[in-house]
Each structure stands twice: as C-alpha cells, then as structure tokens.
Amino acid sequence: MDKAASKKPCCERIHEFIVSAKFLIYLGHALSTWGDRMWNFAVAVFLVELYGNSLLLSAVYGLVVAGSVLLLGAIIGDWVDKNPRLKVAQTSLVVQNSAVILCGALLMAVFQFKEQLSTLYNGWLLTSCYIMVITIANIANLASTAMSITIQRDWVVVVAGDDRSKLADMNATVRIIDQLTNILAPMLVGQIMAFGSHFIGCGFISGWNLFSMCLEYFLLWKVYQKTPALAIKAGLKETDDQELKQLNIQKETGNSESPAEGSQLMNETAEVKTVSEKKTSCCYQMTEPIRTFKEGWVAYYNQSIFFAGMSLAFLYMTVLGFDCITTGFAYNQGLNGSVLSLLMGASAISGICGTVAFTWIRKKCGLIRTGFIAGVTQFSCLMLCVASVFAPGSPFDLSVSPFKEVLKHLFGESALLREIPTIVPTIAPEGLTNKTIFEEGLQVESYLSVSLLFAGVIAARVGLWSFDLTVTQLIQENVIESERGIINGVQNSMNYLLDLLHFIMVILAPNPEAFGLLVIISVSFVAMGHMMYFRFAYKSLRSRLFLFCSPEQKQDPNIPSLSNSV
C-alpha cells in the first residue's frame, strides 16, 4: 500500500493531504491559536492603556482567569465528556469567538468615549465597562479551554486511531503551530496598534474572529464527516441503555414471572424511579457542580498517570520563561527590546527543535524513556540559570529584604528609609536602558549573569517541550475515552494553580535582588516535578517487565504485581 502511494504523482499526494482530516485539524488549530494569541497579547495592552498605564486591571484579569479555570476546569471537562463531540466543539467555538467580538466592540466604545464615560455617574459607568470587559474576556478564555480539551486531547486521538506514531506526529505538529503563532500573531497585532491605534487594533481582532469563526465552524464539520469514529463517544447513553435494558427484562419476563420475582422487580423499578426523582430535584441539581468538582479531582488522583500529570504541573511554578516577569528583569539588567525580541525568537526555535526531537527520540527509545531524557535535558540546562545567580553581574543580594517592596506599599516609605539604599539616577552606559546605579557602587560589571540566565532558559526549552508532549501523549493513551475531558480539565486546573503560585511568589519578592532566590526556587520545583515523573517511569517500566517474567519469577516479592502496573 505504501509502495502504491509512493507511485502516485506529487500533486495527487499533496491534494490527498490537503483534504485529509489531519490537515483540516492543523488548519483549524492554526486559525484558532492565531486568534487566541492576538487576543491574549492585545487584551493585556488594552487593559494597561485603559487604566492609565497601571498594571492593576491586567493583574485582576490574570487572577480572574486563573481562578476561573482552577475552579471550573473539572466542570468544563465533565461537560466535554457528557456531550457529543461536534456539539461541544461548535458550541465552544461560537461562545469563544462571540465573546471576543463582543469584548472587542466594547473596548472600541470605551476607547472612543472614555472621557465622556468617566464623567457619567462619578465614573461608575466606566468602572462597569471595565468589569464587563474582564468578565466577557474570562468567558472567552473558559470557552477556549473547552475547545483546547476537545480538539487537542480528544479529536486528535480519534483521528490518529490506534497509530501511536501518527498521534505523536500530530501532537508535535500542533505544538509547532503553537510556537509559531505565539511569536508571529503578537508581532502582527502589535504592528497594527503601533502604526494605527488601539481602536483599530480592537476592530481588526473582532473582524478576524468573525472570519475565523465561520471558517473554523466549516472545518470542524468537514473533519467530523471525514472521521466517522468521532460520532461514537463512550459514556454518552449509559442511562438510556440501562433504561432500555430494564424495559427488555420486563418484556422478556412478561407473565411468566412468579409473584416473588414480580414484587422484586417492582421494588427495583421503584428504587430506579426514586433515584431518578432525586436527580431531578432542585437541591440535587444545585449541588451537582460541587460533586462534579470533587469527582473530577478524585478521578484524577486515581489515574495511573497521576504523577506524570503532577510533574507537568510543577513545571509551571517557575520564573524561567519568557513572560512579563523575566522580561521585566531583563530590562532591569539593561537588555533592550531588540535583544529581547531576538531571544524570544531563539526560544521559539528551541521549542520547535524540542518538538522535532520528541518524535525522533520516541521512535528510538519509547514514550516513557523520552520523558526521562527530556527531563534530564531540561534540568541540566537550568543549571546554567542557577550558575547565573552567582556569576559576575548578578544583582543577587540576600542582605536586601525580599519583602521590601511589599512592606513599603503596606506601611509607607518612612518606616523603611533605613533599609532601602539611596539610589541616584545616572546616565546608563552604552547598551543599557532604564538602568539605575546604586550610590554604594553597585554597577553592571559584566553581562555574564544575564547571558547565562537566558542561555539556560532557551536551551531548556528543548527538554521542556519534549517533556510536555510526552506527558500529553501519556494522558491521551492511558485515560479512558469517557474521562478524557474531566481529567484534562483537572490537569488544566493544576497547571493554573502552580502558575498562580509563581505569581504570588513574585509578588512577595518583587525586587531584582531577590530574583536569584526565585530562580533557585523555580529550579527546585522543576526538580521535584521530574522526580515525580521518574517515579512514574520507574514503576511503569518495572511493571511492564513483569509481564515477561517466568511463573517462578512472578512469585518473587521483589517484583511488582500486575495490580501495580500502569
């Protein structure tokens, strides 16, 4: 069959690939992530601009988003599990894009009439607009979470079928699309806002989402048509099947049943009816989200891949990434915008290399060993970040209280004058920007520290993305179909929880002198995460060896039993 396919003309093979379900998923995902990356970048800029160049609204938005996914991740996943695939995907798509379009229109109105709105009702109308923007944007993010779970964690598995190599290739391609859009989409919308205005930027994003929603809706329908297996979903009609079975039993027994059997059957029917009435009661339905939340976390804990999922979540507790925290530290260390953009580009290339390496290593060593190799690679590269803390040019200084800035905001500067060194703004040396030199003689003598920091961060992306893809595929392969949504929803909640903790850590120690301490804590969490994965890998590999043991060896207590297999 492969020989016959290789004999086909190149144009015919290209056409077959373009109309395949796999390519249509790639195209739909590219459109979706492009819109997501543009919106995520732009909404942060819009909120800063709206509130007088303050980070307050951005911080509130980030907290609301993280808290919502943390609390509702399991419920969203349960909804994904209990509804048909096409309905879930189309509903999530429409809600997400409609929310972004509505939010964009509201932001355009606020930008256009901000002065008038600020004078109405003592500014409460403008405040209400801010609340509406954050609320609608949060709804869009929750819908995006549902869309990500159903497409990346479910549809991709079904389209790949039983071919694990195909699943690995599809996961890697989806991640490459993520990496590329993460760099290119913010660049595009940033240029539009720079050469146009924020008003034009809002209009462009709203228009893009309207166009993208229509095209993605069509692509989802085509993929669903080309993959009949998507129409079959486990766990959707269990209740209906039980009811039909009960009716069939009644029909089969008919008049032949004895009085005792008849009374027993009537009792069972009454119990079923009582349970059904209980489930339709108002109190039961009001507490259903709480039960779903609890059941989701319990199910996640009982999964064989629990430690693998936890290991991935622990990697989110880090300041060693290209987010606003590391970028702000880089500015403090004297790196300008052009250098940072080059570093971000290098980070994206490193991430793509990691995804390519994942597919190659998995074929050579297997999936579980790939995660082990990726973990060792990431942790080894992060040792450069630890070295940067003690290298020349590092601002690391434990004698400066890491809580200085927090105490200053709480109690005022007068109570801390003796603890805060006097600083004298001076003209920065060539190549430095926004640099303040301490009167006590603290100067940037070397760029070795910041160079080691970013070298470690960029190099570690190879291991990070390989490890991320490993855990993703482990969840896809080991979680049963009827629980994919709720387990991935809880996984997202865990990721957001650790991400939220790392922001809290930065709030408690915001000064540059304490950044080295944050680096060490971050590397420690990465180490703990990989130790969890190593435990999972060791247990899994030993359990697999048990299957090939002789009957005498299976009686050896030092060899794990099948009950411990993964």
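**View 1. D78 and K82 form a salt bridge in this predicted model.** D78 is buried, at a relative accessible area of 15%. Its partner K82 is partly exposed, with 48% relative accessibility. The side chains of D78 and K82 meet at 3.3 Å, taken from N to O. By the rule used here, the salt bridges number eight.

**View 2. R175 and D468 pair up between two helices.** The closest N and O atoms of R175 and D468 are 1.9 Å apart. R175 belongs to helix 8 and D468 to helix 19, so this salt bridge ties together parts of the chain 293 residues apart in sequence. Both partners fall under the 20% limit for buried residues, because R175 has a relative accessible area of 6% and D468 has 9%. The pair does not stand alone: R37, R175, D178 and D468 are linked in a network of salt bridges.

**View 3. E477 and R164 form another salt bridge.** Here the closest N and O atoms are 3.4 Å apart. E477 sits in helix 19 and R164 in helix 8 (residues 164-195). The two residues are 313 residues apart, and the pair links distant parts of the chain. E477 is partly exposed, at 24% relative accessible area. R164 is also partly exposed, at 49%. Each value lies between the 20% and 50% limits, which means that neither residue counts as buried or as exposed.

**View 4. V519 takes part in the largest nonpolar core.** This core has 63 residues. Those with the most contacts inside it are V319, L320, F454 and V519. Helix 19 (residues 448-478) gives the most to the core, with twelve residues. Setting aside neighbours within four places in sequence, V519 is in contact with V319, L320, C385, V386, V389 and L453. V319 and L320 thus appear both among the residues with the most contacts in the core and among the contacts of V519.

**View 5. A separate nonpolar core has 31 residues.** It lies apart from the core of 63 residues. Among its members are W34, L126, I134 and I136.

**View 6. Helix 14 is largely enclosed by the rest of the structure.** The helix spans residues 306-314. Eight of its nine residues are buried, so little of it is left uncovered. The buried residues are F306, A308, G309, M310, S311, L312, A313 and F314.

**View 7. I14, F17, I18 and V19 form a nonpolar patch on the surface.** Together these four residues have about 310 Å² of accessible area. I14 is placed in helix 2 (residues 10-18). With 44% relative accessibility, I14 counts as partly exposed. A patch residue needs over 30% relative accessible area, so I14 passes that limit.

**View 8. Two cysteines, C11 and C353, with their exposure.** C11 is exposed, at a relative accessible area of 64%. C353 is partly exposed, at 42%. The disulfide count for the model comes to zero. A disulfide would need a pair of cysteine sulfur atoms within 2.5 Å, so no cysteine pair meets that limit here.

Key:
Residues numbered from 1 in each chain as written. Predicted model: local features only at pLDDT ≥ 70, side-chain atom pairs only at ≥ 80, totals over all residues. Heavy atoms only, no water. Core = buried A, V, L, I, M, F, W, Y, C linked by side-chain atoms within 4.5 Å. Buried < 20%, exposed > 50% of the residue type's maximum accessible area, 1.4 Å probe, protein only. Helix = DSSP H or I, 4+ residues; strand = E, 2+ residues; numbered from the N terminus. Contact = heavy atoms within 4.5 Å. Patch = residues over 30% accessible without salt bridge, like charges linked within 9 Å, V, L, I, M, F, W, Y side chains within 5 Å. Areas by Shrake-Rupley, 256 points an atom, 1.4 Å probe, with all protein chains shown as cover.
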